[in-house]
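I opened my notebook today to look around a new structure, one step at a time. Here is what I looked up, in the order I went.

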Amino acid sequence: MANSPQSKKRARQGETRYAVNKARRSRIRTFLRKVEEAIASGDQTAAAEALRIAQPELARGITKGVLDKNTVARKMSRLSSRVKALVAATA
């Protein structure tokens with residue numbers, strides 16, 4: 001357990017960061033889920049729009065240190081290819 005004032009403060013800051021990062025991760029997952037649902041429904045315009053809205057959230061996850069840049073790049077790539085395939089399949 002933290003004994004010195006500095007370690008007590010760092011423990012408090014860690015709890016705060018944990019709560020903020022947890023909320024941020026949850027928000028990102030919500031946006032990803034909306035894209036997944038739009039793809040599953042087969043609605044190409046909704047899927048493209050959901051992806052367009054989710055991309056800045058994912059990028060924000062990188063800058064805030066919640067997600068790794070390669071993880072986000074992989075997710076964006078896979079989602080965009082699935083949306084593009086959905087557009088091609090219905091056309």
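**Entry 1: the surface.** Before anything else I noted how accessible area is found: by the Shrake-Rupley method with a 1.4 Å probe. With that in hand, I looked up the total for the chain, and about 6,400 Å² is exposed. Carbon and sulfur atoms supply 53% of that area. I also wrote a reminder to myself that this is a predicted model.

**Entry 2: the overall plan.** How many helices and strands are there in the chain? I found three helices and zero strands. Following the sequence, I read the pattern as α-α-α. Next I checked how spread out the chain is, and its radius of gyration is 18 Å. The globule rule gives 12 Å for 91 residues, so this chain is more spread out than a compact globule. The box filled by the C-alpha atoms, taken along the principal axes, is roughly 65 × 20 × 15 Å. I then looked up burial, and 21% of the 91 residues count as buried. For contacts between residues at least 6 apart in sequence, I found that 60% join residues at least 24 apart.

**Entry 3: helix α1.** I wanted to test the length of α1, which has 37 residues. At 1.5 Å a residue it should span 54 Å, and its end C-alpha atoms are 54 Å apart, so the two agree. Which residues of α1 are buried? My list reads I28, F31, L32, V35, A38 and I39. I added a general note beside that list: an α-helix has 3.6 residues a turn, so residues three or four places apart point the same way. Just after α1 comes G42, and its phi is positive, near 85 degrees.

**Entry 4: the core.** I turned to the largest nonpolar core, which holds 15 residues. Within this core, V35, I39, A47 and L79 touch the most other members. The helices α1 (5–41), α2 (44–63) and α3 (69–90) each supply at least two of the core residues. Which helix gives the most to this core? The answer is α1, with six residues. My margin note says that in soluble globular proteins, nonpolar side chains tend to be buried together.

I picked A47 for a closer look. Leaving out residues up to four places away in sequence, A47 touches A38, I39, V83 and L86.

**Entry 5: L86.** My next stop was L86, which is found in helix α3. Is L86 buried or exposed? Buried means under 20% relative accessible area, and L86 is at 13%, so it counts as buried. With residues up to four places away in sequence not counted, L86 touches A38, I39, G42, D43, Q44 and A47. I also took one distance from L86: its C-alpha atom is 27 Å from that of R25, and the two residues are 61 residues apart along the chain.

**Entry 6: E57.** Then I went to E57 in helix α2. Its relative accessible area is 8%, so E57 is buried. What joins the side chains of E57 and R60? I found a polar contact of 2.8 Å. Apart from residues up to four places away in sequence, E57 touches R27, I28 and F31.

**Entry 7: T63.** Still in helix α2, I looked up T63. Its relative accessible area is 64%, so T63 is exposed. A polar atom of the T63 side chain lies 2.9 Å from the backbone oxygen of R60. The C-alpha atoms of T63 and S81 are separated by 24 Å, with the two residues 18 residues apart along the chain.

**Entry 8: A73.** My last stop was A73, in helix α3. How accessible is A73? Its relative accessibility is 43%, so it counts as partly exposed. From A73 to P56, 17 residues apart along the chain, the C-alpha atoms are separated by 12 Å.

Note on methods
Residues numbered from 1 in each chain as written. Predicted model: local features only at pLDDT ≥ 70, side-chain atom pairs only at ≥ 80, totals over all residues. Heavy atoms only, no water. Core = buried A, V, L, I, M, F, W, Y, C linked by side-chain atoms within 4.5 Å. Buried < 20%, exposed > 50% of the residue type's maximum accessible area, 1.4 Å probe, protein only. Helix = DSSP H or I, 4+ residues; strand = E, 2+ residues; numbered from the N terminus. Contact = heavy atoms within 4.5 Å. Polar contact = N/O pair within 3.5 Å; in protein donor to acceptor, adjacent residues only side chain to side chain. Expected span 1.5 Å × (residues − 1). Rg over C-alpha atoms; globule rule 2.2 N^0.38 Å.
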